[in-house]
Amino acid sequence: QVQLVESGGGLVQAGGSLRLSCAASRSIFSIYTMDWYRQAPGKQRELVATITSGGRTNYADSVKGRFTISRDNAKNTVYLQMNSLKPEDTAVYSCAARYYNQKYWGQGTQVTVAS
């Protein structure tokens, strides 16, 4: 198993910034592609950002230019830096680790952006 624990969520004002962290339990963390998802009430789960084992990144159009995904393999941790936050960014944010047929999820952390 790979255990993932998110942290860094909370309440922020519109226009503010927040950095989410996702810590993994295994030293082979570096082989995994890491994703950040979010889900707001009544809406489908949305893939927000991806970073591959080689460090290549992709973003949803809704967050491109505002969010940055990064990883520190020595710390088995992936980050999501969120800038210029908007009320519509409010959601539960979850990280996921995947490697071929393997996929593991964290429990999620709430991000609320006040207007």
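A salt bridge, as used in these legends, is a side-chain nitrogen of Lys or Arg within 4 Å of a carboxyl oxygen of Asp or Glu. This is a predicted model, where local features need pLDDT of at least 70 and side-chain atom pairs count only at pLDDT 80 or more, while totals for chains, interfaces and linings use all residues. Residues are numbered from 1 along each chain as its sequence is written, and side-chain values use heavy atoms, with hydrogens and water left out.

**View 1. Arg38, Glu46, Arg66 and Asp89 join up in a salt-bridge network.**
Let's start with charges. Side chains of opposite charge can pair when their charged atoms come close. The structure holds 5 salt bridges. In one of them, Arg38 meets Asp89, with the closest N and O atoms 2.9 Å apart. That pair links distant parts of the chain: Arg38 sits in strand β4 and Asp89 in the loop between β8 and β9, 51 residues apart. (Strands are DSSP runs of E, at least two residues long, and helices are runs of H or I, at least four; both are numbered from the N terminus.) Both Arg38 and Asp89 are buried. Here buried means under 20% relative accessible area, exposed means over 50%, and partly exposed is in between, using a 1.4 Å probe and protein chains only.

**View 2. Arg98 and Asp35 form a salt bridge between two strands.**
Look for the side chains of Arg98 and Asp35, which meet at 2.6 Å, N to O. Arg98 belongs to strand β9 and Asp35 to strand β4, so this is another link between distant parts of the chain, with the two positions 63 residues apart. Now check how covered each partner is. Asp35 is buried, at 0% relative accessible area, whereas Arg98 is partly exposed, at 32%.

**View 3. Asp61 and Lys64 pair up as exposed residues.**
In this salt bridge, the closest N and O atoms of Asp61 and Lys64 are 3.4 Å apart. Are the two partners buried or exposed? Asp61 is exposed, and Lys64 is too.

**View 4. Met34 and Tyr93 are among the best-connected residues of the largest nonpolar core.**
A nonpolar core is a set of buried Ala, Val, Leu, Ile, Met, Phe, Trp, Tyr and Cys residues joined through side-chain atoms within 4.5 Å. The largest one here has 29 residues, and those with the most contacts inside it are Met34, Trp36, Leu80, Met82 and Tyr93. Which strands each supply at least two residues of this core? They are β3 (18-24), β4, β5 (46-51), β7 (67-72), β8 (77-82), β9 and β11 (109-114).
Zoom in on Met34, in strand β4 (residues 33-39). Met34 is buried, with 0% relative accessibility. Leaving aside neighbours within four places in sequence, its contacts (heavy atoms within 4.5 Å) include Leu4, Cys22, Phe29, Ile51 and Val78. With the same neighbours set aside, Tyr93 touches residues including Leu20, Trp36, Val48, Leu80 and Val111.

**View 5. Tyr32, Tyr99, Tyr100 and Tyr104 form a cluster of ring pairs.**
Rings of Phe, Tyr and Trp (its six-membered ring) pair if their centres lie within 6.5 Å; planes under 30 degrees apart count as stacked, over 60 as edge-to-face, and the rest as tilted. The structure holds 4 aromatic pairs. One of them is Tyr32 with Tyr99, edge-to-face at 6.0 Å centre to centre and 65° between the planes. Tyr32 lies in the loop between β3 and β4 and Tyr99 in strand β9, so this pair ties together parts that are 67 residues apart in sequence. Tyr32 is buried at 3% relative accessible area, whereas Tyr99 is partly exposed at 32%. Tyr32 also pairs with Tyr104: their ring centres are 6.3 Å apart and their planes are at 75°, so this pair is edge-to-face. Tyr104 is in strand β10 (residues 102-105), so here the parts tied together are 72 residues apart.

**View 6. Tyr100 and Asn76 each have a positive phi.**
Tyr100 lies in the loop between β9 and β10. Phi of Tyr100 is near 55°, a positive value in a residue other than glycine. Tyr100 is exposed, with a relative accessible area of 76%. Asn76 is in the loop between β7 and β8, and its phi is near 55°. Asn76 is buried, with a relative accessible area of 13%.
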